[in-house]
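The exercises below concern domains, chain contacts, a helix, the nonpolar core and a hairpin. Each task is followed by a worked solution.

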4 protein chains.
Amino acid sequence: MSKSIQRIGVLTGGGDCPGLNAVIRAVAKTAIHQHEIEVIGIQDGFEGLIENRTRPLDFADVSGILARGGTILGTNNKANPEKYYTGDDEQGEPIFINAVDKCLATVEAHKLDALIVIGGDGTMSCAKPLVEAGVNCIGVPKTIDNDIVGTDITFGFTTAANTATLSLDRLHSTAASHHRVMVCEVMGRNAGWLALHAGTASGADVILIPEIPFDIDKVCAFCESRMTERRGFSIIACAEGAKPQDGEQVVKRRVESSPDPIRLGGIGQLVADDIQKRTKIETRTTVLGHVLRGGPPITADRVLASQFGYHAMRLLMQGKKSRMVVMQKNDLSDVELTYAANKQRLVPTDHVLVEVGRAVKTCFGD
Amino acid sequence: MSKSIQRIGVLTGGGDCPGLNAVIRAVAKTAIHQHEIEVIGIQDGFEGLIENRTRPLDFADVSGILARGGTILGTNNKANPEKYYTGDDEQGEPIFINAVDKCLATVEAHKLDALIVIGGDGTMSCAKPLVEAGVNCIGVPKTIDNDIVGTDITFGFTTAANTATLSLDRLHSTAASHHRVMVCEVMGRNAGWLALHAGTASGADVILIPEIPFDIDKVCAFCESRMTERRGFSIIACAEGAKPQDGEQVVKRRVESSPDPIRLGGIGQLVADDIQKRTKIETRTTVLGHVLRGGPPITADRVLASQFGYHAMRLLMQGKKSRMVVMQKNDLSDVELTYAANKQRLVPTDHVLVEVGRAVKTCFGD
Amino acid sequence: MSKSIQRIGVLTGGGDCPGLNAVIRAVAKTAIHQHEIEVIGIQDGFEGLIENRTRPLDFADVSGILARGGTILGTNNKANPEKYYTGDDEQGEPIFINAVDKCLATVEAHKLDALIVIGGDGTMSCAKPLVEAGVNCIGVPKTIDNDIVGTDITFGFTTAANTATLSLDRLHSTAASHHRVMVCEVMGRNAGWLALHAGTASGADVILIPEIPFDIDKVCAFCESRMTERRGFSIIACAEGAKPQDGEQVVKRRVESSPDPIRLGGIGQLVADDIQKRTKIETRTTVLGHVLRGGPPITADRVLASQFGYHAMRLLMQGKKSRMVVMQKNDLSDVELTYAANKQRLVPTDHVLVEVGRAVKTCFGD
Amino acid sequence: MSKSIQRIGVLTGGGDCPGLNAVIRAVAKTAIHQHEIEVIGIQDGFEGLIENRTRPLDFADVSGILARGGTILGTNNKANPEKYYTGDDEQGEPIFINAVDKCLATVEAHKLDALIVIGGDGTMSCAKPLVEAGVNCIGVPKTIDNDIVGTDITFGFTTAANTATLSLDRLHSTAASHHRVMVCEVMGRNAGWLALHAGTASGADVILIPEIPFDIDKVCAFCESRMTERRGFSIIACAEGAKPQDGEQVVKRRVESSPDPIRLGGIGQLVADDIQKRTKIETRTTVLGHVLRGGPPITADRVLASQFGYHAMRLLMQGKKSRMVVMQKNDLSDVELTYAANKQRLVPTDHVLVEVGRAVKTCFGD
């Protein structure tokens, strides 16, 4: 048993995500109330650990934050202990230093017996050198993309999917009124979970995800076929990482018709341009960016995040070291801290939601 | 293989629930698009089957209904084929008949090769005599209470929990401003899932569920202790089936102080009255009733309901008979149609959310 | 010009209401940023003024509160300076004192040059003796009932009407699915604005408000006529102060059938009971209570509350005394502080929304 | 009196807008129920009038549509009776015809005694030649931009402002967590109402509107000053038509640094790029496009739209001709049909919300 734990630090790293505050609250309240452990909040991710920017978190500090978006600790998706940017040299080149010792100094200064590290796989990797230097780190995975390996789900995803769905619902009424094609690009550079869930939930007619490269001809033909139906229109949910089958050709086509293809907007815009040009159907694009990250977590994420925070403390009290909290088949469990590093949980092309989509006549462009 | 299936009926029974239309849509679109099967909608649950009130459902009929609350088919939570009310006799006593033959006649008249029956355990039991008479019925479980045995979750629950949480969030600000105790009663006669999830998600200070009988003295003491804190107030999430430990005494106390205890309102009101009388803290009650059943399903329920509808068709096409769709450990599966009859999935008293609650200083009244 | 104003106090009194924090923010930021005036927050309404419970409000204290429900200052709808409860005497009778001097002492102690008093007509009346004693008070009217005389609208109402409408929308889908009558009781003891707006917005079939006494026979007949239509059901938006035309008879009928008519629930329950008994249509009641007061203000109320707070400071700087901010014909203006005392802005029976309702076949029960 | 009106047509033109269905419903229900007038729905704006695409609207057709976004009639923002596109000629040039006679033929064919024309100033102008040809047209103004001259407000605006505010709220939490500047571009090419209201309601730190040309240096300086504060970040609400004071220089600067300035994104992106380059603060842009047009209208817009629809019918029955419904100082009134043509209601630079903004330390960039 870890009788010796008297004080812990908690930090949030990487891009923000609904539910971070719920984890912080569960960690801190469990530590303070159940285990009489003191909690130190480390500000702005690893930058705060390096720069020793901290503040004590007492029970009142974490009361009333459960439903709030963002993170009361601040976050940072750049500061890496092993390669920390400290300014530019005389030639204007960036200077990076190894700041692991600075991290250890902060841990030492506050007499932290462990760190709870809330973040994505990048954040877990950042914690690795600290673990190797003897600091116990327990990880809590977060990503709105739901692509962390080892856990069936992470908090933030359900809220982001819901926010995307609500926007797709709104586009539905305007698409139908104008008989347009509406392309809605959502986050998801490598994994299409968000587009798949939001597309399924909003009844999108076309869903384009990175895992299923699409044929633009098939997408166009599908949209055209829908226009002949009563009150024809189409909604396309498109992951930002969706890939055309003839990827190279598309880029070539793009370059030919424009001097600056990269700045033209993302894949959503490209798909919309192609559809409008080929089918003559009015097509519009909407890009849901950072609004998907913000805002209060919905119920399911508040519940999940609370469990994750609680479980992180439980692992700690069980004497476990260097573990990451996961949810597997509805059960809280744990894997090695950097289990998810450099991997990605992609949508299997025979995933049940893909099957559901095909069954109800959704076009995946393949 | 069930090559012979050419036409199916679909009905919704029991209390309504967000996601019913999403199931109907998935069933009908899968049947029509993937299997070229005709779909007949049976109106108002088993009443429509008995009275032969039906309408064909084509692809357009089920388009655009995914996000709509309620059920386009109507529902009925009274009509039971084996005991069907047909009016009163001369003495004013109700007359019940066995209407199974009438159901079979409707099945026959429309040449239905199977029925998709969407409802709770009562609805599945109603389907039993039809199965015994040779009608293949595939069940899709629904309940906002999440208490159906055999499946980890049913659609509707997540939406209801979210609606309850949003109301609890609202009560939070008014409780804090007035330094009051706010008791919020939510559905859940036997199982406390809704109160537990909504209470956890909203950071309720007290959660009262049927599975953990409460001691009103402890609840009062807890609320009083909170008043001494800065900006003291308390939020109580109370299942309608929450039970005081000294149940009999409470009723006795109630009867003594009032001529008509039963009509005084539910357990929420009783708890509020007791707290206010004993602690002198201003206490108010809100009862969230039918608003929890209505409204559009949130993303997770639309996705779950779509899977359930799709899977019901898949079971049918696999030649399965008399099965109910379930979700177990994240996998779609199936159990015997009436597997859940007369059972209830209760909250284990050591459920992880109860543990989480205790860890973060939630009072369960025990 | 009021060059002499260097420090002001601000308090919120009466029942809480969405937008209070937006007023506090606008008052404090305008005072600090535009006029370099210090702001003292007085806690829990006049109780804080009497008991000298205050805290300074700086710019950071009022940042980020615009969208939050409730009031960061706390409120109190009982403390009256002229009749302040201080405990019970030996016979258990309450002791009230005149606490105006205590209020003046607090004003003196903090060197407050003026008070911004945010509340309903009761709160304005409480401020009167302070004005008479020479304290400049500027009032900002709030009420979710929208019944304050002298102003066309107050903040909080639009949010409450929207919350009520969303609940009525939810009831719509469950009513339609079950072919039921759903009675939804909303706040409004004397004025029917909330029921009228929410009823209009949700397309309620029947709207019952205090200003138009209803004939239950007509309501029943109307609901029955709707049942014969396709998918018949009815939604009734009922103000808590709605009155039957035969008020006495109704109460008499009630008393005869029950020993404790007062405890049976409000007018919504009474209407529902009568409809179900007479028409045999399943009828359910929902009472939207304190959820209407809580939660974040919607856009229109945030904008209105910000204007009110700003205008209160503008009046003060113009040297005005004892005035209440109002909105008349879209223009910010002011009236005497207690202009609204003991009056109520009722719905005229020929109000355009009543006309609209009658035109689209809404039943008002008359 | 217009005893002779027996049948009317109703159409929606221009971009869609929340509340269109509420107007259609109020027009049709008032016509059918109160005046026993038949209603013909004309599909897809003036295109439907030209092409004779209509459908009768009975009471049931317009029931249940009050809360739905979009328009059940479809709309079209291109079809102009006087200049109607019919295809391309052999050289690929578009062919336009005068289709006023076709419109008149449709009016004749259905024996329409009047048209209710719901749309923006473009739609009203399209109706002008029909009026000159003797067809009575009553206009109902709509625009989410709130820039129609002659009316204080139009339906759709309040909903769009609320949707924009909710997105700005979401950006708030992510900006604060990452200490970023977040630029949110909202609709408003000529008038800044949407940015002004949503910016005010969300507590945006900077509001940029077309009516107040901004100095990018001042915006940068303001954002920088905020970073030195605790948890520094800034939210910028930017109308799509916001203009830099040194407009030409900005475009020049842009052209120099990019080969294709027009395709680089709107003013929001430009502002963000400049801020990031100059201040080194991480800056992100979000463009809220068509999501602002879609979705269910909020309460206030449903109420307003219902009044507008009702009042259009009232004007018609009063025998008025060629009038547009307006709201002036809270009263329903009417102006000449094309009163608003080629004009725009801009934000006065001394508007009270600009004053409020300046008072609470909002930067307008000037």
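**Exercise 1. Domains of chain A**

Task: State how chain A is divided into domains, and how many residues each domain gives to the contact.

Solution. The model is predicted.
1. Domain 1 of chain A consists of 7-155 + 297-340, and domain 2 of 160-293.
2. Taken over C-alpha atoms, the centres of domain 1 and domain 2 of chain A are 35 Å apart.
3. Domain 1 of chain A contributes eight residues to the contact and domain 2 of chain A contributes ten.
4. On the side of domain 1 of chain A that touches domain 2 of chain A, three residues are nonpolar, two are polar and three are charged.

**Exercise 2. Chain D and chain A**

Task: Find the operation that lays chain D on chain A, then describe the side of chain D that touches chain A.

Solution.
1. A turn of 180 degrees with a shift of 0.0 Å along the axis lays chain D on chain A, with an RMSD of 0.0 Å.
2. The relation is therefore that of a two-fold axis.
3. Both copies use the same surface, since 100% of the contact residues of chain D recur in chain A.
4. The contact joins 34 residues of chain D to 34 residues of chain A.
5. On the side of chain D, two or more residues come from each of α5 (157-178) and β11 (283-287).
6. With ten residues, α5(D) gives the most to this side.
7. By class, the side of chain D that touches chain A has seven nonpolar, 18 polar and nine charged residues.

**Exercise 3. Chain C and its partners**

Task: Which element gives the most to the side of chain C that touches chain B? Then examine the pairs A and C, and B and D.

Solution.
1. In the contact of chain C with chain B, there are 34 residues of chain C and 34 of chain B.
2. At least two residues each are supplied by α5 (157-178) and β11 (283-287) of chain C.
3. The element that gives the most is α5(C), with ten residues.
4. No contact joins chain A and chain C, and their closest C-alpha atoms are 11 Å apart.
5. Chain B and chain D do not touch either, with nearest C-alpha atoms 11 Å apart.

**Exercise 4. Helix α6 of chain A**

Task: How many residues of helix α6 of chain A are buried, and what covers them?

Solution.
1. Helix α6 of chain A spans residues 193-202, and ten of its ten residues are buried.
2. Among them are Trp193(A), Leu196(A), His197(A) and Ser202(A).
3. The cover includes α5 (157-178), β8 (181-186), β9 (206-208), β10 (234-239) and α11 (352-359) of chain A.
4. It also includes α10 (299-317) of chain B.
5. Gly203(A), just after α6(A), has a positive phi of about 65 degrees.

**Exercise 5. Core and hairpin**

Task: Which residues touch the most other members of the largest nonpolar core, and where in the hairpin of β4(B) and β5(B) is phi positive?

Solution.
1. The largest nonpolar core has 492 residues, of which Ile236(A), Ile236(B), Ile236(C) and Ile236(D) touch the most other members.
2. Outside its neighbours within four places in sequence, Ile236(B) has contacts including Val181(B), Val183(B), Asp205(B) and Val271(B).
3. Strands β4 (residues 84-88) and β5 (residues 94-97) of chain B are antiparallel and pair over four bridges.
4. Gly87(B) has Ile95(B) as its bridge partner in β5(B).
5. Five residues lie between the strands of this hairpin, in which Gly92(B) has a positive phi near 80 degrees.

How values were computed:
Residues numbered from 1 in each chain as written. Chains lettered and ligands numbered in written order. Predicted model: local features only at pLDDT ≥ 70, side-chain atom pairs only at ≥ 80, totals over all residues. Least-squares fit on C-alpha atoms with pLDDT ≥ 70 in both. Contact = placed C-beta atoms within 7 Å. Buried ≥ 20, exposed ≤ 12 C-beta atoms within 10 Å, placed from the backbone. Nonpolar A, V, L, I, M, F, W, Y, C, P; charged D, E, K, R; others polar. Core = buried A, V, L, I, M, F, W, Y, C linked by C-beta atoms within 7 Å. Pairing = 2+ DSSP bridges. Domains from an automatic or database assignment.
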